[in-house]
Amino acid sequence: MVTFKIDGKEIKAKEGQTVLDAATENNIEIPTLCVNESVLPYGACRLCMVDVTKGKRKRTVTSCAYEVAEGIEVDTKSEKVIKIRRMVIELLLARCPESEEIRQMAEKLGVTTTRFKPDEDGDACILCALCTRACREVVGKSAISLINRGTEREAALPFYDEADDCIACGSCVYICPTGAIKMEDKAGTRTISWPNCSQEFKLKACSACGFYFAPEKQLEFMAAESGVELEKLEICMSCRP
Amino acid sequence: MSELSAVKETISSILDRYDRDKSNLIAILQDVQAEYNYLPREAIAEVSQALDIPLSQVFSVATFFRAFSLKPRGRHSVHVCLGTACHVRGAASILQQMEKEMNVCCGDTTEDKKFTLEGVNCVGACALGPVVVVDGEYIGHVSVNKVKPLLENYD
Amino acid sequence: MNDKQQKLTSVAELEKKRQGLNKQRSSDAPMIAVCCGTGCQAYGGKKIADAFKEEIEKHGLGGKVEVKTTGCHGFCERGLLVVIRPQNYFYQRVRLEDVPEIVSETVIGGKPIERLLYESLATGEKIASEEEVPFYKKQVRLVFGDNGYIDPYEIDDYIAVGGYSAFSKVLSGMTPEQVIDEVRKAGLRGRGGGGFPADIKWQSSREAHGEPKYIICNCDEGDPGAFMDRSLMEGNPHAILEGMMIGAYAVGSSIAYIYIRNEYPLAVKNAYRAIQQAKDYGLLGKNILGSGFDLEIKINRGGGAFVCGESTALMASIEGKVGEPRPKYIHTSHKGLYNKPTVLNNVETWANVPLIINKGADWYSKIGTENSKGTKIFSLVGKINHTGLVEVPMGITLREIVYEIGGGIPGDKKFKAVQTGGPSGGCIPENLLDLPVDFDELTNAGSMMGSGAMIVMDEENCMVDIARYFLEFLEDESCGKCVPCREGLRRMREILDDITQGRGEESHLEMLEEMSEVINDGALCGLGQTAPNPVMTTLKYFRDEYKAHIQDKKCPAGVCKSLITYHIIEEKCTGCKLCVNACSYGAIEFMGKKTPVVLHQSECTKCGACKEVCKLKAIEIR
């Protein structure tokens, strides 16, 4: 265990824990957009920045990636970090003018308008890479990735085309913080729409009740990964013994 | 031999040069591009499969680095250096003139597939600025008025 | 030259090899050193060298006069460069047709050819010898000097001038700790950008847990305007390998990488060749010179991304991934390449190492200023008479570099600024020209050393345009990972678009300052954090120019196309029609005698072709 201070309050945390985790455990709120406990820290949105004083050295770091250390002093509300957060959200407001989630976060940070010209073709994607990281780190598929670089960057399937690798599990949809990825199940078909491409997948009807309950490809993937026979997986949760 | 198996064979020989080592992905793609003058989709898919790297990851790398092109390129590659030394000596006007003469935007290939025009962020030949590199040959002290005659040297 | 070289198996064998080479070679044997660096290649390079060889044969001097194809000599402005040794006659702007005369007059006749000598800009006097040419006179060419003497393709050339003696000294009697201590005492700081002390990286990596440990040489010289690393890698690759070998020995590493930009084909080729030769000689591989030390050096070619100059992005790229930086809260010296301890230094830093070991830290630390030791190679480019690479002791003033070595500004134009440190650096105005150049002084002025690009600008360069240029460059090169860099730089560039296109508002300047501050504090990597520097320094030193664009809608330097117009000065125009023919947009019409030509503003794209061809200076920018 290490002892350190956040906003003047002394707290204890496990070694190797991030400042953000320790703060959250102690009910100290630090805003984030690109953090999710199921994937590794990435440090892209910069909202979670805090000032850290270690000995004589003071620096501004992302609390999602910075590990706690004995004796450090963390300031989550310094003038500098407030400035960064407000500018970041103002930039994102202009990038995603239609996103309700961004507007709410902005409001929370005390920003109501943006001085920048809103992007006309702006979608809700903030390029936080949660979808691509979940697909790689949690699902183990890497069907989707961030392509191009800089201002041209986008989250897309290879060649913007249908991807063999996608098992239609929907993890990217659930993890997206701004609702930029949409999913719809209708008449035995699941459609996932990413900002720049979409793909349709067949759903499997439960062999007992006939309800379309899961994508075929996901069941095949689960069978292959777990070694369980595919037929056993083709029964929906409510029909399973 | 079918086109696809020809691609497989070419890729295979490139991969062998690098002991099929995943960490050489960028070098492998460079060699693929040198072979085809661009990165054909089938070749990217083949590299992904042979090295067991997800297609999306290979696609990310292929679209991140400027050296790679996913579109077929022209017979001659024209690189206009846009480094600072060339910029202060008027590189922007050279590029503008190139675009006018070729009737393409920077980054594109002419309709007759003769030229691919690209800007490059410094080729490190600053004393020659403004510099244009055509098919690897450095041409120094280019001026707006020299653009047309320069392009006429190529067929 | 020596394909059947037997592996050298001990330090003594290496020294014997050196003695043998020096016995064959005499320092006053006639030699024609032909510069074949990339700059001089554009003027014929190898072709001219071949012509010399032919001419020598023709005169029956084959075997008596050596024609040496060397790396870059630095004075690229005057290419192609030829030096006739041992007299050291320095010939500039040599062309193919000069070859026979040089051989008959100088090599055989011993007399210099006036026409090819450098002419003093001040006095018009001809200067015959290399060391007297003002461009070279004030330089201290410790790292770069051998470039003019050796063929980078021949390891024997390097060995003959003392190459690999530092490495053999290390292997035959220095502990790794002693090596690191020597580098510490020498005060070697990284030449790639930040100026971080090399010994701290080495020490920390040596002590770090984890195997294997890696050594990396960064030759992804992306700073526009910088080409010293290219010239070193092209012209003296073995010096870099030797530095890496010593570093690897000190750190305890047996695998090293050189990461080279693919835009530098000659450097790539020479590096491959050098590694192969070093392997053949037993200087790389297993049990090097019988010492028990193993080292392998591999080459990785970059894919064209400026951000890969950043250490974590470079390492990601070596691992075959997208060049995206990651937070560096744990140093790469502990967790770098493949999460293992890694030491990364750039080309010039590695090339300094053999020098320190050979001559000693005491000697080395006498050169330079208190906290910046040794020399630094700068590329002096832009609006300067003597464009090229200059190696100077740290602490020299900008004025000395620009005016004494660089020969001042061409065409009697007025100096405006010198931009140092590439896109992470800043623009330094005239009143700071007496600034001593070292890591700390440049940082204090709001700029930085960076890799050593110095771009000189004159009154015809617009500082707002320059700031916009760098933002556009960085926007293009941003990896796009973090919001401040990806979104912020784009928005700053949009503001500068507005200002340079006549839509600027007073509030824009404050907004630029506010954004600069946030991006500096908030961006993920060094590229993003330093990206606002060109804007901040131009705002600080050249605010008037911004104001002229915003308030008067004028570009005082005559650069920003939306704010200028071209005009024909009737009194000077004779109707020669050169401009009419030069204009590809049909904007200039020939009218006949009274008003010879008319420029139609609506058709004019302001490309400047007319002004460029007009011999009478009858076209002006307003």
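**Exercise 1.** In this predicted model, work out how many bridges join S10(A) to strand S11 of chain A, and which way the two run.

*Solution.* Start with the pairing: S10(A) and strand S11 (residues 212-215) of chain A are joined by three bridges and run antiparallel. Next, pick out a facing pair: Leu203(A) sits opposite Pro215(A) in S11(A). Last, look at the link: six residues lie between S10(A) and S11(A), making a hairpin, and Gly210(A) in its turn has a positive phi of about 85°.

**Exercise 2.** Now go to the other partner: find how many residues lie between S9(A) and S10(A) in their hairpin.

*Solution.* First, the strands themselves: strand S9 (residues 189-194) and strand S10 (residues 197-205), both of chain A, run antiparallel and share six bridges. Then check who faces whom, and you'll find Trp194(A) opposite Cys197(A) in S10(A). That leaves the hairpin, which has two residues between S9(A) and S10(A).

**Exercise 3.** Describe the contact between chain B and chain C, beginning with how many residues each chain gives.

*Solution.* Count heads: chain B puts in 40 residues and chain C 60 residues. Then the area: about 3,800 Å² is buried between the two chains, with carbon and sulfur atoms giving 51%. On to the charges: there are three salt bridges between chain B and chain C, and one of them links Arg301(C) to Asp31(B) at 3.0 Å, N to O. Finally, the side of chain B that touches chain C: helix H2 (25-36), helix H4 (55-64), helix H5 (84-88) and helix H6 (91-102) of chain B each give two or more residues to it. Sorted by type, that side has 20 nonpolar, 14 polar and six charged residues.

Methods. Residues numbered from 1 in each chain as written. Chains lettered and ligands numbered in written order. Predicted model: local features only at pLDDT ≥ 70, side-chain atom pairs only at ≥ 80, totals over all residues. Heavy atoms only, no water. Contact = heavy atoms within 4.5 Å. Buried area = accessible area lost by both parts, 1.4 Å probe. Salt bridge = Lys/Arg side-chain N within 4 Å of Asp/Glu carboxyl O. Helix = DSSP H or I, 4+ residues; strand = E, 2+ residues; numbered from the N terminus. Nonpolar A, V, L, I, M, F, W, Y, C, P; charged D, E, K, R; others polar. Pairing = 2+ DSSP bridges.
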